[in-house]
Amino acid sequence: MCARDRKPVGPALTPDEVEELAWRLQARSAGERVAFLEWEGTIYFAHHREGDPAPTSAVVKLVQGIYELVPDRAHRILRRRIFSTAEPTPMCTGTVKVAARRLTAPVRATARGLHVDVRFVDVTEASSGALRPARGAPSFAAGPPELPGPPPRSHADFMRLALRLASEVRRDEANLYRSPRPVASLLVSSGGDILATATNTNGWNRTLHAEVNLVQGHYARSGAGLPPGARIYTTRKPCKMCAGLIWCGASDLRSLTVYYGEEDRGRAARQTVLTLGSPERSRWSRDEAALRHRIEEPLFVTACPGSPTRP
């Protein structure tokens, strides 16, 4: 088909249309990797520079950007297939598993001479707003919170602090569907210092789990990944999306430990990349030490008075 023949987009993009759109989007994004989907004649897309160490990707930016830009329609839009010109990562596949539906990657960017009749919406910048306070709820804080007593030192102390922070997550009883689940996470250095805290703010943006806020917030503030020897304490077992962000955001997977205070019986939390011996671990490990390192550890403790025992 020549360029002058206009072809409206149908219910699903054809392989040639996908390659043509990938080529056009990469050209307008200065060669960066792109992820996109089609919804009612609109191509929503995001771009990301290959080699950028930030714990994100074109796919993650696309999903987060759509939730930020059109929250009321995001769930329906993200049921459409996502296409990406980059090789997928654990955070890409995990984000799609939890907050979208389908992913095809990598796709070729090839000029096919098609004129696909669509409009384009770049959601890349909108994705950067995901870490803003969500509907008035703080999602990330650097450093330790104000504590009434001595700072936590033991594993149980850190988990009890996470439980306390989770108990402070505000719930809208009149609209539970839009209320975040009470989950909190801490990032602790190898020396026992609290580097950051984060809570779940996924009432409107389904990607903003506590661990996602923690990993992306830490990088946004420090410009660095999770430091060697870091420990994460989170009140609920990380899902595939959170596990993927933690995996990709760690500076040294061989010295990272993630303690969780409660099992998550949902399918999205089963056999994640953090789970020793899982197919996901075998798929994404690039060295023997990372393959065999026990990253996840259950840590069930009794909460302090006034805090829930089940976050």
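R292 is exposed in this predicted model, because its relative accessible area is 61%, above the 50% cut-off. Its partner in a salt bridge is E288, with a nitrogen-to-oxygen distance of 2.5 Å between the two side chains. E288 counts as partly exposed, because its relative accessibility is 44%. Both residues belong to helix α10, which covers residues 288–292. A spacing of 4 residues, about one turn of the helix, lies between E288 and R292. A general idea helps in reading such pairs: side chains of opposite charge can pair when their charged atoms come close.

The pair E168 and R164 gives another example, with their side chains meeting in a salt bridge at 3.7 Å from N to O. E168 is partly exposed, at 48% relative accessibility. R164 is also partly exposed, its relative accessible area being 26%.

A further salt bridge joins R49 to D52, where the closest N and O atoms are 3.8 Å apart, a distance that fits within the 4 Å cut-off. For R49, a relative accessibility of 46% places the residue in the partly exposed class. D52 is partly exposed as well, because its value of 25% falls between the cut-offs of 20% and 50%.

Salt bridges can also be linked together. Here D16, E19, R108 and R112 take part in a network of them. Over the model, the count of salt bridges comes to 12, including the pairs R49 with D52, E168 with R164 and E288 with R292.

Definitions and conventions: Residues numbered from 1 in each chain as written. Predicted model: local features only at pLDDT ≥ 70, side-chain atom pairs only at ≥ 80, totals over all residues. Heavy atoms only, no water. Buried < 20%, exposed > 50% of the residue type's maximum accessible area, 1.4 Å probe, protein only. Helix = DSSP H or I, 4+ residues; strand = E, 2+ residues; numbered from the N terminus.
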